[in-house]
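Here's a quick briefing to keep open next to the viewer. Have a look at the structure first, then use the notes below to find your way around.

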Amino acid sequence: MPGGSNRPHSRELVIFTLWNSFVRQPRTPNSGIAGRASWWLVCCINALTVSDAPLTPALQQFISRHIHSVEQIEILSIVSATPAKNWTAAEVFRVVQSSERSVAETLEAFCKAGLLISERSGAYQFAPKSTELRQGASDLVKAYRERRVTIVETIYKRPADRIQHFADAFKLRKEK
Amino acid sequence: MEMAKAMLAGAIMAVAWAILVFFLRFWRKTGDRLFVFFAAAFLLLGIERIIIVVLSSDHRSFGYLIRLFAFLLILFAILDKNRRGGKAAAGTSQSKAPDRDSKRPTLG
Amino acid sequence: MAQVVYVLCALTSIGCAILLFRQYQRTRGGLLFWSTWCFACFALTNVLLFVDLVVLPETDLSVLRSSLTLGGMLMLLYGLIRETT
């Protein structure tokens, strides 16, 4: 799968940072004190900037409406990374390596949803019709890189979530 | 006209009982009592339809009484849900999604 | 007494429709959309029942009421099948 490695959070990230700084040699050209210090600084910045917050309602809505599988996120990541390029189903399939038919169906579905536009040649280009769609796609791709497990859970536990949403509708005071 | 009323009543009963089956399934899946009350309400709504068609106009108020019970059940379900503070037997609130990412430390 | 029953049923249906619509606005779930319409139809049916039996007793709106109820229930059933299976 394309994308970065899974990164730990909070307490685990502090341990990871310390372990990387003082135990594991950083693989940088300058492995002296300056090299270790800069590596430690990068790890600290990662630790401070990774969020533990739940997915935003807008992102949950985007996933609920447009994303039904991990393959679809991968396809969206690929086409959104190069908005100027026209992608055919075959080209996307060569990168994703799932099934050419499902890739073609996904591209068509994204086109109908307004995320892509289709050219006469049968190729697709990433061109969301609205700011909400563009923002949703960008947030999803970013969240998938940083919080893959949460995103996958959000996609695949959807039927029970819908049932629970129905039950939660009758709570007069909503939890924040 | 009477034939149309009877057909509509039969269709409503069938659909109401199909919905009842779904609510019972949800109750089994989530353990939330709300679904049992809704299932019972739709059972009564199905029965009410048939009773109104079968009984003569003098006794139709009995059918409307059943409708009253059905809606009282729905009201009770809502009150019960809020009284419990939303803590169903197995259901969880949508804001309590567990942050699974923090449980996967990777070192390296 | 009968009027109280009809009004209570109508108010309960309207309340349910409002609660479901509020949740639909938050989460945009398909099941919530269809169940909002179902309870909205129930509300309309109960209002029509009041009109039929109290306001205009000489008219017979029972076929219209039954059709509305059936329509609402079919929408809910459609939502249940589509969204949860």
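Chain A is built from 9 helices and 2 strands, and from the N terminus its elements go α-α-α-α-α-α-β-β-α-α-α. Keep in mind that this is a predicted model, with an ipTM of 0.86 and a pTM of 0.57. Chain C is an all-in-a-row α-α-α affair, with 3 helices and 0 strands.

**Chain A overall**

- Chain A has 176 residues, and 28% of them count as buried.
- If you take the chain A contacts between residues at least 6 apart in sequence, 57% of them link residues at least 24 apart.

**Chain A: where H4 meets H7**

- Helix H4 (residues 70–81) of chain A packs against helix H7 (residues 131–146) of chain A, with the axes 10 Å apart and an angle of about 115 degrees.
- Angles of 65 to 115 degrees count as roughly perpendicular, and H4(A) and H7(A) are therefore roughly perpendicular to each other.
- The crossing of H4(A) over H7(A) is left-handed.
- On the H4(A) side, the contact is made by A:Ile73, A:Leu76, A:Ser77 and A:Ser80; H7(A) brings A:Ala137, A:Leu140, A:Val141 and A:Tyr144.
- By class, the residues of this H4(A)–H7(A) contact come out as 6 nonpolar, 2 polar and no charged.
- A:Lys142 also sits in helix H7 of chain A, and its C-alpha is 9.0 Å from that of A:Ser77, with the two positions 65 residues apart in sequence numbering.
- Is A:Lys142 buried or exposed? A:Lys142 is exposed, because just 12 other C-beta atoms lie within 10 Å, and 12 or fewer is the cut-off for that label.

**Chain A: an unusual backbone angle**

- A:Gln97 has a positive phi of about 60 degrees, even though A:Gln97 isn't a glycine.
- Where does A:Gln97 lie? You'll find A:Gln97 in the loop between helix H5 (89–96) and helix H6 (100–113) of chain A.
- A:Gln97 is exposed, with 12 other C-beta atoms within 10 Å.

**Chain C overall**

- Of the 85 residues in chain C, 49% are buried.
- For contacts in chain C between residues at least 6 apart in sequence, 65% join residues at least 24 apart.
- The average pLDDT of chain C is 88, and 99% of the residues score at least 70.
- Within chain C, helix H1 (residues 2–27) has the lowest confidence, with a mean of 86, while helix H3 (residues 62–84) has the highest, at 91.

**Where chains B and C touch**

- Chain B puts 18 residues into the contact and chain C puts in 17.
- On the chain B side, helix H1 (2–30) and helix H3 (60–83) each supply at least two residues.
- H1(B) gives the most to that side, with 11 residues.
- The chain B side divides into 15 nonpolar, 1 polar and 2 charged residues.

**Zooming in on H1(B) and H3(C)**

- The axes of H1(B) and H3(C) come within 9 Å and cross at roughly 25 degrees.
- That makes H1(B) roughly parallel to H3(C), since angles under 35 degrees get that label.
- This crossing of H1(B) and H3(C) is left-handed too.
- From H1(B), the contact residues include B:Leu8, B:Ile12, B:Val15, B:Ile19 and B:Phe22; from H3(C), they include C:Val63, C:Leu70, C:Met73, C:Leu77 and C:Leu80.
- B:Lys5 of H1(B) is also among the contact residues, as are C:Ser66 and C:Thr69 of H3(C).
- By class, the H1(B)–H3(C) contact has 17 nonpolar, 4 polar and 1 charged residues.

**How far to trust chain B**

- Chain B averages a pLDDT of 78, and 74% of the residues score at least 70.
- Which element of chain B has the highest mean pLDDT, and which the lowest? H1(B) has the highest, at 91, and H3(B) the lowest, at 87.
- The stretch to watch is residues 86–108 of chain B, where the pLDDT is below 50; the model still gives this stretch 49 contacts beyond near neighbours in sequence.
- Where pLDDT is low, the predicted coordinates shouldn't be read in detail.

Technical notes. Residues are numbered from 1 along each chain as its sequence is written. Chains are lettered from A and ligands numbered from 1 in the order in which they are written. This is a predicted model: local features need pLDDT of at least 70, side-chain atom pairs count only at pLDDT 80 or more; totals for chains, interfaces and linings use all residues. Helices (H or I, at least four residues) and strands (E, at least two) are DSSP runs, numbered from the N terminus. A residue is buried if 20 or more other C-beta atoms lie within 10 Å of its own, exposed if 12 or fewer, and partly exposed in between; C-beta atoms are placed from the backbone. Two residues are in contact if their C-beta atoms, placed from the backbone, lie within 7 Å. pLDDT is the predictor's confidence in each residue, from 0 to 100. Ala, Val, Leu, Ile, Met, Phe, Trp, Tyr, Cys and Pro count as nonpolar, Asp, Glu, Lys and Arg as charged, and the others, Gly among them, as polar. Axes are lines fitted to C-alpha atoms, for helices over the stretch in contact, and angles run from 0 to 180 degrees between N-to-C directions. Angles under 35 degrees count as roughly parallel, over 145 as roughly antiparallel, 65 to 115 as roughly perpendicular and the rest as oblique. A crossing is left-handed if the near helix is turned anticlockwise from the far one by less than a right angle, and right-handed if clockwise.
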